[in-house]
Amino acid sequence: ENALITISSSSTTYNPRNVTGMTLSPNEDTLYFTDAYHDALISVALSNLDDTPNFEFTVISGRQHDGDYMALPAGLALNQATTKAWVFDNATRAIIEIDLETGNRTRLDSSVNYIQSIKSVELSEDETTLYLIEKTLNRVISIDISATPNPNEPKYPQSWITPNGETTTN
């Protein structure tokens with residue numbers, strides 16, 4: 001079982017580097033961000049910032065955890081229960097789901113796809129669809145994460161819309 005690591009700003013020289021995704025928890029008491037340099041998903045409890053300039057970073061998923069490496073993470077989305085996070089890795093061109101309780105990572109889209117470079121990741125209100133903003137081809141990609149992938153073709157259904165309104169599904 002993986003343990004979360006807490007880093008206090010008063011006891012270490014940890015500095016976030018290359019922050020590529022950031023979001024608040026639904027109740028806005030915790031800030032989550034990806035640190036590409038350290039291959040980590042980090043949280044900071046915002047309630048601790050009121051009384052002291054020293055605060056704690058919690059490494060939710062980092063190099064000490066088993067799972068897919070995040071070489072070039074982009075975007076960050078959380079579910080309402082704050083139990084899962086999704087990041088897109090531009091190096092492997094795959095979505096990585098992170099269990100926020102254990103830090104374990106699961107690569108959701110393991111097949112070659114047509115996604116080139118993602119800027120942002122958003123989760124639908126019903127938590128069944130991820131929306132990815134692709135900056136290279138200027139399109140929004142929707143991925144149905146509630147669907148069970150076909151075992152013969154291990155990827156989730158994708159569709160996208162271009163700026164001129166054209167929609168494509170694969």
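W86 stands opposite E97 of strand β8, and this pair offers a convenient way into the predicted model. W86 belongs to the pairing of strand β7, residues 84–89, with β8; the two strands run antiparallel and are joined by six bridges. Four residues lie between β7 and β8 in their hairpin, and among them the backbone of R93 adopts a positive phi near 55 degrees.

Strand β8 also pairs with the strand that follows. Three bridges connect β8 to β9, residues 105–107, again in the antiparallel sense. Within this pairing, I98 has R105 of β9 as its bridge partner. The hairpin of β8 and β9 has five residues between its strands, and here a positive phi near 85 degrees is found at G103. Strand β8 thus has antiparallel pairings with β7 and with β9. As for its surroundings, β8 spans residues 94–99, and five of these six residues are buried, that is, under 20% relative accessible area; β8 is therefore largely enclosed by the rest of the structure.

It is helpful to set this region against the whole chain. The protein has 14 strands and zero helices, so that reading along the sequence gives an unbroken run of β elements. Of its 170 residues, 42% are buried. Among contacts with a sequence separation of 6 or more, 37% link residues 24 or more positions apart. The accessible surface of the protein amounts to about 9,100 Å², with carbon and sulfur atoms contributing 47% of that area.

Key
Residues numbered from 1 in each chain as written. Predicted model: local features only at pLDDT ≥ 70, side-chain atom pairs only at ≥ 80, totals over all residues. Heavy atoms only, no water. Buried < 20%, exposed > 50% of the residue type's maximum accessible area, 1.4 Å probe, protein only. Contact = heavy atoms within 4.5 Å. Areas by Shrake-Rupley, 256 points an atom, 1.4 Å probe, with all protein chains shown as cover. Pairing = 2+ DSSP bridges.
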